[in-house]
Every structure is written in structure tokens, then in C-alpha cells.
Amino acid sequence: MAKIWKKLPPLLADNFGLIEVINQTDGMGIIDDCSEYRTSPDRHSKEGPEMRVVHTGISSEDVVSGTRQKVLDTFRECEPYFHPGFVLLSTGPCSAMIGTDLEEIAETIEEESGIPAGRVKLTGQKTYDVGISETLLELAKLLVKPGKEPRESVNILGGTQLDWQKETAASFRRWLEERGIPVTAALGGAETAKNIERAAEASVNLVVTASGLAAAKYLKTKYNTPYLVMAPFGRSWTDLMLEAVRRKEQPGSCPQEEYSRPQVLIIGEQLMANAIRETLYRDYGMREIQVCTFYRFEKSLALPGDRRIKGEEDARELLGSEGLHTVIADPLLRCFASPSCRWIDLPHKAFELYGKNRTLPLLLGDHLNRWLDGQMG
């Protein structure tokens with residue numbers, strides 16, 4: 001019953017994460033499913049994203065005969081249009097039950113075309129952040145090559161528009177380079193296959209959402225590239241991040257003081273929410289702050305009291321807790337909160353499958369502080 005959604009729309013499925021990543025690249029994706037994946041805002045917007053992911057259009061007959069040929073036919077039909085630097089394949093819910101061997105099909109595509117091809121392990125039944133994580137991991141495995149001696153530069157892992165919105169995702173690379181930190185590749189942002197191939201040349205990987213962590217761990221094992229885990233939001237926190245990148249050392253989190261009930265609750269992508277907590281603690285002197293998320297929850301990145309929200313009823317109970325004086329969360333959750341607490345909207349695109357496109361404010365660097373100043377008056 002914890003997974004039943006009554007007032008909230010269900011979270012975006014994992015294949016939306018794959019689509020988000022591939023749409024920002026010169027690659028191509030094929031989802032073995034009966035229909036395309038588009039959110040309601042995408043379907044009705046004249047400025048929707050260019051879709052670089054297609055579907056095979058499987059039918060009930062394919063459940064019996066298999067979908068191998070349909071996947072190959074879809075690639076052969078669409079490849080001349082996309083001219084992709086790589087191809088990634090994924091199943092949808094129906095084809096996941098059929099058990100089509102996408103690894104073998106990817107090998108056939110690569111042998112036939114010379115284009116790097118792989119399979120992302122998705123089923124269409126988990127959440128978008130799983131899709132981002134698995135797609136970034138497969139991109140790292142498929143494309144990254146041993147390079148020259150590492151140079152003083154970074155890779156950005158996980159900064160997608162689904163978590164950050166377009167303006168922040170587009171600005172972060174330039175923001176780093178203006179501060180003397182070159183970027184080799186952005187896995188999750190706007191990037192080419194050629195740049196991703198060079199990712200092993202970076203001296204450090206900067207993981208900016210929890211979805212980038214799996215790729216960072218792989219690159220650490222494969223190429224011994226160290227990684228830092230920090231989202232670039234907040235004046236003091238980003239100062240620490242820039243110093244951490246130069247020193248290649250992860251800074252410590254703010255100390256979590258013991259509390260019986262939190263006074264401040266932040267619900268969102270885990271690293272973004274962590275950065276907001278760090279800013280409230282370091283720049284505003286606030287204490288007793290709890291971070292929760294509907295999405296990927298890495299225990300190693302959590303402080304005592306943090307947790308994953310398992311469903312709508314869990315959210316209702318959490319937001320109804322006594323003692324909360326400030327909540328920072330998606331506006332769709334406000335219906336569960338006490339009217340006595342201060343509410344600050346933090347929109348998240350993962351909730352917009354059937355809703356309107358809500359804009360996340362620009363939070364990069366000290367923009368977060370300016371935003372908080374305006375919200376808290």
C-alpha cells in the first residue's frame with residue numbers, strides 16, 4: 001500500500017532518465033517498447049527537446065515471435081537520420097518480460113555499423129534516477145578509453161536537466177571554467193561521444209547528483225580517477241567545492257546535532273538537498289535539518305535522521321510531523337504539510353509526468369543564497 005499514489009503523480013520511470021541523458025548527446029537510443037516516452041509538457045510544448053531516442057513499436061504478436069528483428073530494423077531505419085556517435089538499447093516493461101537479448105543485438109549493431117553500441121539495464125519499472133545512473137555507467141564502460149597522463153581538469157557526472165533544470169545544467173561547465181577549472185567531459189549534460197571517450201584524462205570526477213556515483217566508482221576502479229561528491233549550490237559550500245577540486249579531497253559535511261524532531265525538512269534530489277542543508281547551516285546558522293528524498297538514497301552521503309521516502313503515505317506522515325517550522329520541497333507535496341509551517345517551493349521535474357512544467361530557480365553558487373534570502377525574508 002505504501003506505493004499507491006492518490007494525490008501525487010507517479011515518479012518518472014527509468015527510461016525517462018535514459019532519454020534525458022541521450023538527448024543531450026550525439027548518440028542514439030532505442031527502447032524496445034510499444035510507444036514513445038514523452039512527458040505531458042514535452043508533448044504539448046512547441047519547444048520540446050529533440051528526441052534522439054526511438055521505440056521499436058512492438059505489438060502483441062512480438063510477444064510470441066520476439067523483438068530482435070524489430071530492434072535491428074529500427075536501428076537501420078533511424079541511423080541515417082541521427083548519424084550517432086554511439087547507440088544504447090533498453091527494454092520497456094513488455095519487452096523486459098520477453099527477455100530479448102539486447103547485449104547480442106548491440107554486438108550485431110556494432111559489428112554491422114562500426115558504431116559503439118551497448119545495452120542499458122532498465123525495465124521501465126524503476127524511477128528516472130535509476131535510468132540516469134545506469135545510462136551514465138554504460139556510457140563510461142562503452143566509450144571511455146585509456147588516455148594520456150591525467151591533466152588538471154574535471155568530469156561532471158550527473159548534472160542533468162531532470163534534476164537541475166536547463167539553465168543550471170547549461171551554466172555549470174562555464175561556471176567552473178571561469179574559475180580556472182577546465183572540464184573534459186560532462187556525463188549527463190550536453191556532450192559528444194568524442195569528449196566522453198577522453199574522460200579518463202581528467203584528474204578528478206565531480207559527482208553532482210546521486211545518479212553520477214555509479215559511473216564515478218567505475219572510473220575509479222578502471223582508471224584510478226578520484227572523485228568528489230558535491231552539488232554546486234550555496235556560497236560557502238561552493239567555495240569548499242572549488243578548493244576540494246583543486247586539492248582532490250572530499251570536505252567534511254556539517255556536524256549533525258542530535259534532535260528528537262527536525263525543525264527544517266528538505267525533500268529533493270539527495271545532493272541538491274545536502275547542499276541546501278550545508279548552506280542553511282554554514283551561511284544562516286540553522287540547525288536540526290533533515291534531508292529526505294523519493295529518489296536515489298546513498299547512505300554514505302546521508303547524515304543521521306536522513307532517509308528515503310517510500311511512498312505517498314510516508315510523505316504524508318513525514319510532513320505532518322510536529323515541530324517543523326520550514327519545509328523546502330516540491331509544491332505538489334504542500335497538501336500534506338501543516339499550514340503553520342513556512343513552505344518554500346523547490347520544484348522537481350521528476351513529478352511532472354502529467355503536470356505543468358514548473359521551473360526550478362537558478363541555484364548555482366551564491367544564487368542559492370539570494371534565493372533563500374528572498375524566500376525567508
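Let's start with one contact. The side chain of T91 reaches the backbone oxygen of L122, at 2.5 Å. Keep in mind that this is a predicted model.

Where does T91 sit? It lies in strand β3. Is T91 buried or exposed? The relative accessible area of T91 is 3%, and buried means under 20%, so T91 counts as buried. Its surroundings come from several parts of the chain. Leaving aside neighbours within four places in sequence, T91 is in contact with N15, I31, D32, A96, L102, L122, T123 and G124.

Now the sheet around it. Strand β3 covers residues 87–91. It pairs with β4 in the parallel sense, over 3 bridges. One position to look at is L88, which stands opposite G118 in β4. Helix α1, residues 14–23, packs on this sheet. Helix α1 touches β1, residues 28–32, and also β2 and β3. Its direction makes about 160° with that of β1.

What is the strand order? It reads β2-β1-β3-β4, an open sheet of 4 strands with parallel pairing. The edges are β2, at 53–55, and β4, at 117–119. Each has a single partner strand, so one side of each is left without a neighbour in the sheet. From one strand to the next, the twist averages 20°.

Stay on the edge strand β4 for a moment. A117 lies in it. A117 is buried, with a relative accessible area of 7%. Which residues does A117 touch? Not counting residues up to four places away in sequence, the list is V87, A106, I109, E110 and L142. For a sense of distance, take A117 and G377. They are 260 residues apart in sequence and 52 Å apart in space, C-alpha to C-alpha.

Next, the other sheet. This open sheet has 5 strands, in the order β11-β10-β9-β12-β13. The pairing is parallel here too. At the edges stand β11, residues 307–308, and β13, residues 342–345. Each of these has a single partner strand, so one side of each lacks a neighbour in the sheet. β12, residues 326–329, pairs with β13 in the parallel sense over 4 bridges. Within that pair, A329 stands opposite D345 in β13.

Which helices go with this sheet? Helix α13, residues 270–284, lies across β9 (264–267), β10 (289–293) and β12. It runs at about 170° to β10. Helix α14, residues 312–319, also packs on the sheet. Helix α14 touches β9, β10, β11, β12 and β13, and its direction makes about 155° with that of β9.

Last topic: the cores. In soluble globular proteins, nonpolar side chains tend to be buried together. How many residues does the largest nonpolar core have? It has 102. Those with the most contacts inside it are F172, L176, I267, L280 and L333. Helix α7, residues 128–143, gives the largest share of this core, 7 residues.

Look at I267 in detail. Not counting residues up to four places away in sequence, I267 touches C292, F294, I309, L318, L319, I328, A329, L333 and L346. A329 we met a minute ago, opposite D345. There is also a second, separate core, of 16 residues. It includes C78, V87, A106 and I109. Three of those names should sound familiar: V87, A106 and I109 are among the residues that A117 touches.

How values were computed:
Residues are numbered from 1 along each chain as its sequence is written. This is a predicted model: local features need pLDDT of at least 70, side-chain atom pairs count only at pLDDT 80 or more; totals for chains, interfaces and linings use all residues. Side-chain values use heavy atoms; hydrogens and water are left out. A nonpolar core is a set of buried Ala, Val, Leu, Ile, Met, Phe, Trp, Tyr and Cys residues joined through side-chain atoms within 4.5 Å. Buried means under 20% relative accessible area, exposed over 50%, partly exposed in between (1.4 Å probe, protein chains only). Helices (H or I, at least four residues) and strands (E, at least two) are DSSP runs, numbered from the N terminus. Contact means heavy atoms within 4.5 Å. Two strands pair if DSSP finds at least two bridges between them. Axes are lines fitted to C-alpha atoms, for helices over the stretch in contact, and angles run from 0 to 180 degrees between N-to-C directions. A polar contact is a pair of N or O atoms within 3.5 Å; within protein, one must be able to donate a hydrogen and the other to accept it, and residues adjacent in sequence count only if both atoms are side-chain atoms.
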